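Visitor: I'm used to gels and assays rather than coordinates. Could you walk me through reading a structure, one feature at a time?

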Amino acid sequence: MKLEPGSSEWKSARKQGLGSSDMKDLLELKPYGCPRKLVYDKSDIPPDWAFTGNRYTVRGHKLEDVVAREFAEDSGWKLTRAEDQDAIGNAAAKELRESYFWLKSNIDRRITLTDEQRESNDAAIPDGPGVAEIKTVGKTAWERLEREGVMAHTSFADWYYQVQHQLAFTGWEWGMVVACHPDEWQFSQTLILRDEFAINEILKAGSKLWAKVMIQRALPAGEFTTVESMPRLKIKDNRCRSCPWRQKCHGEDWTDFIGGGHEEGMGIFGDDEKWKNLSERYQLWKSVDDEHQENIAEIKTAIKALIGDQRIGAEGAGLKVYWKSQVSKRFDTSRFKKEHPALADGYLKETTTRPLRIYTT
Ligand code: SF4
């Protein structure tokens with residue numbers, strides 16, 4: 001039976017090994033992955049802030065059935081809820097799972113095709129059943145998906161490896177990523193074939209990481225030497241900002257990074273409902289904004305590549321872009337202060353401002 005995400009059975013099964021949703025952390029895939037975080041999680045080290053899911057994870061879970069049904073109706077393919085996860089897969093896969101006992105899975109759907117359906121499909125689909133990995137995505141991811149597809153954009157590497165993980169688990173030869181953009185009710189399907197190289201990568205990295213988890217688990221409570229021996233990301237990395245172990249991981253550096261500890265004169269609004277609501281909304285829109293900024297940066301890079309050596313820029317199709325060299329002269333304040341301190345002081349004008357700085361603690 002596929003376990004209900006968030007249920008106690010699901011939580012305890014997650015601790016038994018590495019599932020497909022762990023691939024981004026295992027292989028440090030952008031934009032969210034961090035192997036160190038995975039060791040914290042699997043070793044049962046209590047997080048500084050509990051992650052109880054967000055609106056996106058709830059959306060994905062609630063819409064999974066609807067998307068699977070819609071895809072099945074549209075394609076005529078048979079999608080069934082994966083039965084007993086331990087029973088699923090061929091004999092070779094079951095043997096593999098004995099050696100790689102940490103290899104666990106919670107497959108969304110199993111796809112079964114008739115010979116006719118297989119033959120009439122545009123791309124060649126290997127024999128046997130396939131796995132369906134169902135995704136719901138927001139506008140930014142949908143735009144990337146339409147523009148470049150699962151196989152070309154690095155932000156979908158996570159999906160690719162999730163399917164490869166499930167193919168390792170089942171021994172099957174193919175999988176399908178079914179993505180839905182609910183706002184505009186659009187769908188896409190991407191066929192992913194078994195990739196032995198990627199599967200070996202997963203098995204190698206998984207065994208290494210699981211050994212660390214076992215050692216860390218055997219340590220006395222409060223001793224983090226194994227996880228501490230792993231590399232950590234730079235503190236400014238976006239992944240740390242939302243990591244439930246960020247304080248434990250970066251220690252004092254994190255306190256400094258977020259502007260120091262509690263200062264006198266600073267209010268504490270932790271229990272205030274309005275404050276909580278604003279905090280939640282700020283974090284939600286900040287993450288949306290970060291994603292948009294990433295998309296805009298990608299578009300700018302592509303525009304520059306297209307303009308190439310056009311000296312001034314280019315225009316057309318509703319855009320006018322200037323990209324020309326310019327020389328600017330700036331007053332070197334630091335040097336002036338250093339060389340003429342008395343004179344510089346005489347020109348200092350005091351103004352008072354009150355900048356709003358927001359940190360995710
Ligand atoms: S704080 Fe950053 S480096 Fe540390 S575990 Fe979390 S994501 Fe990884």
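Visitor: Let me start with one residue: not counting residues up to four places away in sequence, which residues does T80 touch?

Guide: This is a predicted model, so keep that in mind throughout. With sequence neighbours up to four places away left out, T80 touches R109 and R110. You'll find T80 in strand β1, residues 78-81.

Visitor: Is T80 buried, exposed or partly exposed?

Guide: The idea is to count the C-beta atoms around a residue; 20 or more within 10 Å makes it buried, and 12 or fewer makes it exposed. T80 has 13 other C-beta atoms within 10 Å, so T80 is partly exposed.

Visitor: How far apart are T80 and Y32 in sequence, and how far in space?

Guide: They are 48 residues apart in sequence, and their C-alpha atoms are 30 Å apart in space. Now set that beside another pair: L233 and C34 are 199 residues apart along the chain, with 7.8 Å between their C-alpha atoms.

Visitor: Where does L233 lie, and what is L233 in contact with?

Guide: L233 is in the loop between α10 and α11. Once neighbours within four places in sequence are set aside, its contacts are C34, R239 and C240. L233 has 18 C-beta neighbours inside 10 Å, so it counts as partly exposed.

Visitor: What about the whole chain: how much of it is buried, and how many of its contacts join residues 24 or more positions apart?

Guide: The chain has 361 residues, and 24% of them count as buried. Among contacts with a separation of 6 or more, 68% are between residues 24 or more positions apart. There are 16 helices and seven strands, and the C-alpha atoms fill a box of roughly 85 × 65 × 40 Å along the principal axes.

Visitor: What domains does the assignment give?

Guide: Domain 1 covers 8-216 and domain 2 covers 273-346. Taken over C-alpha atoms, the centres of domain 1 and domain 2 are 37 Å apart.

Visitor: Let's try a helix. What should α9 span, and what does it span in the model?

Guide: Here's the arithmetic: helix α9 runs over residues 196-218, which is 23 residues, and at 1.5 Å a residue it should span 33 Å. The rule multiplies 1.5 Å by one less than the number of residues. The end C-alpha atoms of α9 are 33 Å apart, so the two agree.

Visitor: Which residues of α9 are buried, and what do they pack against?

Guide: The buried ones are A198, I202, G206, L209, W210, V213 and Q216. They pack against α2 (23-26), α3 (35-42), α8 (157-170) and α10 (225-228).

Visitor: And the strands? How do β4 and β5 run, and how many bridges join them?

Guide: β4 and β5 run antiparallel, with eight bridges joining them. To find your place, look for A179, which stands opposite S188 in β5. The two strands form a hairpin with four residues between them.

Visitor: What is the phi of W185 in that turn?

Guide: First the background: most residues other than glycine have a negative phi. W185 has a positive phi of about 50°. With 8 C-beta neighbours inside 10 Å, W185 counts as exposed.

Visitor: Where is D44, and what is its phi?

Guide: D44 lies in the loop between α3 and α4 (55-75), and its phi is positive, near 65°. D44 is exposed, with 11 other C-beta atoms within 10 Å.

Visitor: How do β6 and β7 pair?

Guide: Strand β6 (residues 313-316) and strand β7 (residues 319-322) pair in the antiparallel sense over four bridges. G316 has L319 of β7 as its bridge partner. Their hairpin has two residues between the strands, and A317 takes a positive phi near 50° there.

Visitor: Last one: which residues come nearest to the ligand?

Guide: There are 13 residues around the ligand, and C34, R232, C240, C243 and C249 come nearest. The elements giving two or more residues to this shell are α3, α11 (238-241) and α12 (246-250). By class, the shell has seven nonpolar, one polar and five charged residues.

Technical notes
Residues are numbered from 1 along each chain as its sequence is written. This is a predicted model: local features need pLDDT of at least 70, side-chain atom pairs count only at pLDDT 80 or more; totals for chains, interfaces and linings use all residues. Two residues are in contact if their C-beta atoms, placed from the backbone, lie within 7 Å. Domain bounds come from an automatic or database domain assignment. Two strands pair if DSSP finds at least two bridges between them. A residue is near a molecule or strand if its C-beta atom, placed from the backbone, lies within 6 Å of it. Ala, Val, Leu, Ile, Met, Phe, Trp, Tyr, Cys and Pro count as nonpolar, Asp, Glu, Lys and Arg as charged, and the others, Gly among them, as polar.
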